[in-house]
Amino acid sequence: MLKNILVCLEGSSSSEAATRVSIELARSFEATLAGLAIIDEPDIRAGTVTGIGGASYKHERDEVLLADAHKKADDWIALFERRCREADVSARGLEVVGRPADSILAHMSVQDLTVMGKDANFRFETESDDVRTRDAILHRASRPVLLVPEETPSKLGTKVLVAYDGSGAARRALESFAASGLALAREVHVATVDDNGTAAREMADRAVSMLLASGIVARPHNIVSVLSNVEALYEAAHKLDAGLMVMGAFAHSRLRGLFRASVTRGLVERSAIPLYLQH
Amino acid sequence: MNVVTPPWAVAPFVLYLLLIAIMPLFFGSFWEHNRNKLLVALALSAPVVAYLLIARGWGGGEELLRTACDYASFMALLGALFTISGGICLRGSLAGAWWVNLAFLAVGAVLGSIIGTTGASVLLIRPLLRANGRRAYVTHIVVFFIFIVSNAAGLLTPLGDPPLFLGFLRGVPFTWTFRLFPAWAMVNGLLLAVFAVIDRYLVLRERRRLRPAQMPVFLGITDDGPLHLEGGLNLLWLLGIVIFVFGIGSYGSRLFGESYLRSAIQIIGTVLLGALSFATTARHIHERNRYTWGPIIEVAVVFVGVFLTMVPALSFLAERGATLGIVRPAQFFWASGALSSVLDNAPTYLTFASLATGVVDAGAGVLTAGNLGGLAAHPLGQQLLVAVSCGSVFMGAITYIGNGPNFMVKAIAEQHRVHMPGFFGYVLWSFAILIPIFGLVSHVFF
């Protein structure tokens, strides 16, 4: 069961949705919630070519951006703590200075689940988007992550689609999902995407058996589609009206990812429902 | 005493320019302190000073004295223009419409040659950012601002850009740069035209996304009041600088003869006008412009090393220019421009002007790197100097480090929450827009 939940605070709409979802999860599981706001000082102060006379302007710019980052972090934590008090959720705000990916990874190692906005930009002072931090966390985290799109309601839906490909990451995601309690009172479906029907069914059955061992009844589906894996899973989740998708994150090596489109990245970009991911 | 400059004497200059470019990237916290910059400058200047005094005797000492005068004149002018432009503030709101932005940049293109590209950038960048504060796409506006106001604008007078003022200090007549008008008009005109097309397209794209209720906000209709100027007295001090520098350059030798006396009067005059500006400007104007001594002190410290280490480098190029293979105006345009884009354009200008002296003089010993007036008057030298001036001024825009105001504008834009491209992202903009225009300039003029 979820006892400790971390939510990453940041100003985007998807982070706002992540906060809503995490407060609701903490309330329903009676878990302790930690809200993490990050001041990305290393990237703000990072060395850059400045030209003659530029160091003074860089120093001034760094100070302005740092002050703004501190103010935003303070505001987000204050708002988060107020909303948790109103929801009667045990919570604490954390303000840390450091690289976003490293800071989140360090804090999520003692949490049962980390909730993040899908489009969160933790390097908002220096970059217009921040796929790098999200990918780094999904590649390196040993604990599960719940990625929340901005249109997600506070309560997760009643149907869950588990996308299973037999990889180590998919198995770990399945195990931690089963242990989390998120399957309680939810209809669980397991989907495999493969043209080889027999192999796919065996793979789906294995996943169903694993869930059953944890007391969770799930229905297997083998999707045979002309669509890409990403589109096929997206369509399946849509047809099922799933409110949550569970899958292994970046099951294959980064080198392989250079040559083949990543299903994880594709689904993260495409999905309009929360994704429960584990590497 | 006619001493041939050994190649090793050029090494401190080359090394110093490389350090200026890479130290902020790899040793940012060390390079942040002016004391450390000064130590590096003095460490690399020491062997040069020793070489000049030992190998050239009295001649070397005189070169150092001449260099000190040039340095003081250069810094006095930069400091005065920095102080005066920091005392002028444009207030009030403007709509971020494409034609307003275009007008802003066009004004900047003219102003850059009057108050310098740094001054024009300081004066105009904040009002322009305020006017576009509600626009979704602002990055392109700042990039074109750097192209036009911070660089290409400064070609018409020695006040416009430090390289041209260095040329002026070394004898290029004040009005000589007026002949660069066709190139100035072509580059600025084309940049303004390209900007207008891009900005108009992006404005229309933004408008399509807005609901009618959002239009007044989008059009910049706010309650900041109409556009007005604060610190107008500084325009008087600015006029004083223009008249004074022009007068000293045109009539100084007749009035004062002795060059050291002329330099001293020039330094005292410009410092006095800068001091008058500082004393008569209300504190709140400096605060609004975030005026501090930091940038000018940093420039002063870094240029100690530039001026000292470049003495033998310039002599070397003047002595052997004809043998280095760069002889045609187009070559001078592209070579001086390429180096200006990655090193500061002021020392690059003098380097290539000295090289041009060597090419034109061809060992005759008539023209010297210390007096570029002869080069500017020579038929071939004139063509080469036009190419060097255009290359150094225009191509300082190619990277953030090519010219002083580039990074300043980037930093101010980022303080206003504009996400600016990184070093290489900005270079992509430059290659897409500037290089084709420079290719046309090279084809037409060189």
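Me: Before we start, what makes a helix crossing right-handed?
Reply: A crossing is right-handed if the near helix is turned clockwise from the far one by less than a right angle. We'll use that on this structure, which is a predicted model.

Me: Great, so which way does helix 3 of chain B pass helix 12 of chain B?
Reply: Helix 3 of chain B makes a right-handed crossing with helix 12 of chain B.

Me: And at what angle do their axes cross?
Reply: Roughly 150°, with the axes of helix 3 (residues 34–86) and helix 12 (residues 294–320) of chain B coming within 6 Å. Angles over 145 degrees count as roughly antiparallel, so helix 3 of chain B is roughly antiparallel to helix 12 of chain B.

Me: What kinds of residues are in that contact?
Reply: Between helix 3 and helix 12 of chain B, the contact has 25 nonpolar, 6 polar and 4 charged residues.

Me: Switching to chain A: what domains does it have?
Reply: The domain assignment gives domain 1 (4–148) and domain 2 (159–278). Their C-alpha centres lie 27 Å apart.

Me: How many residues does each give to the contact?
Reply: Domain 1 of chain A gives 12 residues and domain 2 of chain A gives 13.

Me: Which element gives the most on the domain 1 side?
Reply: Strand 5 of chain A, with 4 residues. By class, that side of domain 1 has 9 nonpolar, 1 polar and 2 charged residues.

Me: Last one: how many residues of chains A and B are in contact?
Reply: 19 residues of chain A are in contact with 27 of chain B. The chain A side has 6 nonpolar, 9 polar and 4 charged residues.

Note on methods:
Residues numbered from 1 in each chain as written. Chains lettered and ligands numbered in written order. Predicted model: local features only at pLDDT ≥ 70, side-chain atom pairs only at ≥ 80, totals over all residues. Contact = placed C-beta atoms within 7 Å. Nonpolar A, V, L, I, M, F, W, Y, C, P; charged D, E, K, R; others polar. Axes fitted to C-alpha atoms, helices over the stretch in contact; angles between N-to-C directions. Helix = DSSP H or I, 4+ residues; strand = E, 2+ residues; numbered from the N terminus. Parallel < 35°, antiparallel > 145°, perpendicular 65-115°, else oblique. Domains from an automatic or database assignment.
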